[in-house]
Amino acid sequence: MVWGVLGLLTAIVLGVTAKSLWSQRMGSSWFHRTFRRLERYLRLSSTRELELLRGRITRTRKDTWKGRDQDLADRFADLWDESARAVAANSSARPQPPRRAGRSGGPSGWLDARWVALRGVRWSGRDLATQRRDIEALIVRTLLLAERTPTLRRYGLVRLALLHRHCGRLPGNWFGEFDGVSRSELRMVFTTAGGSAEIADKVDKRMAERIAHTKAVEAGRVDDRAAPAGKIRTARELLEAIEQELVRPDLPGLAA
């Protein structure tokens, strides 16, 4: 009997301790997993890492920007789209606000008020949880955009530069339309990769036109069948469109 009571008390203490530690843990499991991948991406795309690669390319003439560019662009697109999927799943699970308590008096009115108050407390907790997940996804996208190297023009990362420039224009973007990379900087990136400002302008214009057409189709302003190519709604679809543009025969001289 005594051992049974001690075992029960021990289990209760361990349960309370575990719950306390879990409640103090910042961020969801999704955020911790995603943030580890984000940290890896930010390290590989840091100025230090890119300068080391730039030195090897200049010194040996064997390495190229293409491999690092494809790797960073893949990581960027995956992180961007995963945060978008997290928000979409979160919005579908957002709880509905509880109804207001009735105005009837007496014991039934009192019980109804207590029941609505309890449901309100539960709803508040679930609503805070959904807001936390939205904030976590926003943190991922903000760091992707804000923590890029300030000297991108020195590196031939054409895919990554185009993602930075056009992801702010994708449908459903939270930040409003903006250019993550300026046109002049994009031209310098293409020049570093062996292209030219003219090639940069051509690819940039085609990406902008396809994204604008996607938005027009989804808004019902134009017919989907009139699209010159597939729609671009995600960072992965944008990256695939960039790859298609970079191998076009009318873009000679781009060693990307």
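Biologist: Where in the protein chain is confidence lowest, and where is it highest?

Modeller: This is a predicted model, in which local features need pLDDT of at least 70, side-chain atom pairs count only at pLDDT 80 or more, and totals for chains, interfaces and linings use all residues. Residues are numbered from 1 along each chain as its sequence is written, and side-chain values use heavy atoms, with hydrogens and water left out. pLDDT is the predictor's confidence in each residue, from 0 to 100, and helices are DSSP runs (H or I, at least four residues) numbered from the N terminus. Confidence is lowest in helix α1 (residues 2-24), at a mean of 49, and highest in α6, at 95.

Biologist: Thanks! Over which residues does pLDDT stay under 50?

Modeller: Where pLDDT is low, the predicted coordinates should not be read in detail. For the stretch you ask about, the model has 1 contact (heavy atoms within 4.5 Å) beyond four places in sequence. The stretch is residues 16-24.

Biologist: Happy to move on to α6; why is it described as largely enclosed by the rest of the structure?

Modeller: Buried means under 20% relative accessible area, with exposed over 50% and partly exposed in between (1.4 Å probe, protein chains only). The buried residues include V158, L160 and H166. Helix α6 is largely enclosed because the buried residues number 9 of the 9.

Biologist: Which residue does the side chain of R159 join in a polar contact?

Modeller: R159 is found in helix α6 and counts as buried at 2% relative accessibility. A polar contact is a pair of N or O atoms within 3.5 Å; within protein, one must be able to donate a hydrogen and the other to accept it, and residues adjacent in sequence count only if both atoms are side-chain atoms. At 2.8 Å, the side-chain partner of R159 is E243.

Biologist: Lovely. What kind of aromatic pair do W65 and Y155 form?

Modeller: Rings of Phe, Tyr and Trp (its six-membered ring) pair if their centres lie within 6.5 Å; planes under 30 degrees apart count as stacked, over 60 as edge-to-face and the rest as tilted. By this rule the count comes to 4 aromatic pairs. For W65 and Y155, the centres are 5.5 Å apart with 55° between the planes, so the pair is tilted.

Biologist: And how many residues apart are W65 and Y155?

Modeller: W65 lies in helix α4 (residues 65-92), while Y155 sits in the loop between α5 (106-146) and α6 (158-166). W65 is buried at 9% relative accessible area, and Y155 is buried at 0%. The pair links distant parts of the chain, 90 residues apart.

Technical notes: Helix = DSSP H or I, 4+ residues; strand = E, 2+ residues; numbered from the N terminus.
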